[in-house]
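Reader: I'd like a close look at one part of this model, and then a walk outward from there. Can you pick a spot and take me through it?

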Amino acid sequence: MELGLVGLGRMGGNMRERIRRAGHTVVGYDRNPDVADVRSLEELVAKLEAPRVVWVMVPAGAATQSTIDQLAELLSPGDVVVDGGNSRWTEDEQHAGELAAKGIGFVDCGVSGGVWGLENGYALMYGGDAEHVERVQPVFDALKPEGDFGCVHAGKVGAGHFAKMVHNGIEYAMMQAFAEGWELLEAVDSVTDVREVFRSWQQGTVIRSWLLDLAVKALDSDEHLAELRGYAADSGEGRWTVDAAIDHAVPLPAITASLFARFSSRQKDSPQMKMVAALRNQFGGHAVSASGAHVDGDTPGADVLPPVGG
């Protein structure tokens with residue numbers, strides 16, 4: 001089949017290549033002319049035979065909205081738009097309604113696979129009417145991993161991005177668990193080779209996973225992660241997962257804690273820990289560190305203020 005693909009970044013560019021390898025025709029547009037097949041959305045639409053399928057792979061929010069608004073004016077009744085970015089599921093419902101008013105179908109698709117997707121395939125979660133999904137199915141089949149699994153028609157419009165959002169929330173919690181375990185192993189004197197402990201878990205354990213494999217790969221590159229700063233961004237989907245849990249009264253303690261753990265990396269000197277230290281000093285006379293002191297590895301007692309209060 002023919003496909004128009006808007007957005008040829010790290011994922012979009014590899015997706016174009018994987019779809020082409022499966023024998024389909026892809027006309028790609030990107031603001032970067034060095035990677036684009038056409039110079040504009042107008043040219044992209046003109047090169048596709050009706051009924052058309054156009055896949056949007058641009059950042060969520062304003063960029064996606066702008067692209068869909070333009071496509072709504074360029075496409076014809078019977079065409080289908082796929083949003084494969086990380087849009088919020090509530091925006092999918094809005095986009096589907098706007099396009100339906102012009103007779104254009106809409107499918108939302110959560111895509112997982114990152115930079116490894118070209119060779120390994122992409123896990124796909126999509127939502128929309130069956131007739132619209134059926135139109136896109138050859139592309140889904142080209143992108144998915146080999147085997148019986150790796151893609152799912154999750155439900156009606158919004159279901160694909162909602163499923164991908166929950167997937168990312170689970171990912172947050174799993175990464176946080178590996179990170180906490182790694183830090184604890186690094187903190188004790190008795191464990192002398194943390195990297196090999198992680199490697200040993202890759203076979204025969206209940207926590208073996210692709211994330212564990214990637215952790216070992218990272219430790220092979222930088223055994224103690226000394227070259228990295230302790231900062232981790234959040235993509236927004238973790239927050240949306242927690243918001244949805246609140247809206248539906250579903251307890252998500254592990255995922256919520258992992259999201260807040262990301263926020264701690266924003267702080268050079270945690271204000272919360274200042275209060276904890278002050279309270280420990282007040283009720284137990286525990287010593288507190290002076291502002292700006294670096295006590296890890298320093299001489300015991302250096303830069304430490306004496307106990308005060310009760």
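**Around the loop before α10**

Author: Let's start at arginine 229, which counts as exposed because its relative accessibility is 65%, and the cut-off for exposed is over 50%. Keep in mind throughout that this is a predicted model. Mean pLDDT for the protein is 90, with 91% of its residues at 70 or more. One stretch to treat separately is residues 293-310, where pLDDT stays under 50 and the model has 23 contacts beyond four places in sequence.

Arginine 229 sits in the loop between α9 and α10. If you want a feel for the distances here, take serine 209: 20 residues separate it from arginine 229 in sequence, and their C-alpha atoms are 25 Å apart in space. The loop from α9 (210-221) to α10 (237-247) also holds leucine 225. What's its backbone doing? Phi of leucine 225 is near 55 degrees, so we have a positive value in a residue other than glycine. Leucine 225 is partly exposed, because its relative accessible area of 25% falls between the cut-offs of 20% and 50%.

Moving on along the chain, we run into α10. Its buried residues are Glu237, Gly238, Trp240, Thr241, Val242, Ala244 and Ala245. There's a general reason to look at spacing in a list like that: an α-helix has 3.6 residues a turn, so residues three or four places apart point the same way. Among the elements covering the buried residues of α10 are α4, α7 (159-187) and α11.

Just past the end of α10 comes alanine 249, with a positive phi of about 55 degrees, even though alanine 249 is not a glycine. You'll find alanine 249 in the loop leading from α10 to α11 (253-264). Is it buried or exposed? Alanine 249 is exposed, because its relative accessible area is 69%.

One of the helices covering α10 takes us to the sheet. α4 (residues 89-100) lies across β4 and β5, at about 150 degrees to β5. α3 (residues 62-74) lies across β1, β3, β4 (80-83) and β5, and runs at about 165 degrees to β3.

So what is the sheet itself like? It's open, with 7 strands in the order β2-β1-β3-β4-β5-β6-β7 and mixed pairing. The edges belong to β2 and β7 (151-155): each has a single partner strand, so one side of each has no neighbour in the sheet. On average, neighbouring strands of this sheet are turned by 25 degrees against each other, direction ignored. For a concrete pair, look at β5 and β6 (residues 123-127), which run antiparallel and are joined by 5 bridges. In that pairing, glycine 110 faces methionine 125 of β6.

Now for the cysteines. How many disulfides does the structure hold? There are 0. Cysteine 109 is in none, and the nearest cysteine sulfur, on cysteine 151, is 9.0 Å away. Cysteine 109 counts as buried because its relative accessibility is 0%. Cysteine 151 is likewise in no disulfide, its nearest cysteine sulfur being that of cysteine 109 at 9.0 Å. With 24% relative accessibility, cysteine 151 counts as partly exposed.

Back toward the start of the chain, α1 (residues 10-21) is worth a visit too. Its 12 residues reach 17 Å from first C-alpha to last, close to the 16 Å expected at 1.5 Å a residue. Buried in α1 are Gly12, Gly13, Met15, Arg16, Arg18 and Ile19. Those buried residues pack against strands β1 (2-6), β2 (25-29), β3 (53-56) and β5 (105-112), along with helices α5 (117-120) and α6 (130-143). After α1 comes glycine 23, and its phi is positive, near 100 degrees.

One last backbone detail for your geometry checks: the peptide bond from alanine 50 to proline 51 is cis, with omega near -5 degrees. Proline 51 belongs to the loop between α2 (41-47) and β3.

How values were computed: Residues are numbered from 1 along each chain as its sequence is written. This is a predicted model: local features need pLDDT of at least 70, side-chain atom pairs count only at pLDDT 80 or more; totals for chains, interfaces and linings use all residues. Side-chain values use heavy atoms; hydrogens and water are left out. Helices (H or I, at least four residues) and strands (E, at least two) are DSSP runs, numbered from the N terminus. The expected span of a helix is 1.5 Å times one less than its number of residues. Buried means under 20% relative accessible area, exposed over 50%, partly exposed in between (1.4 Å probe, protein chains only). Contact means heavy atoms within 4.5 Å. A disulfide is a pair of cysteine sulfur atoms within 2.5 Å. Two strands pair if DSSP finds at least two bridges between them. Axes are lines fitted to C-alpha atoms, for helices over the stretch in contact, and angles run from 0 to 180 degrees between N-to-C directions. pLDDT is the predictor's confidence in each residue, from 0 to 100.
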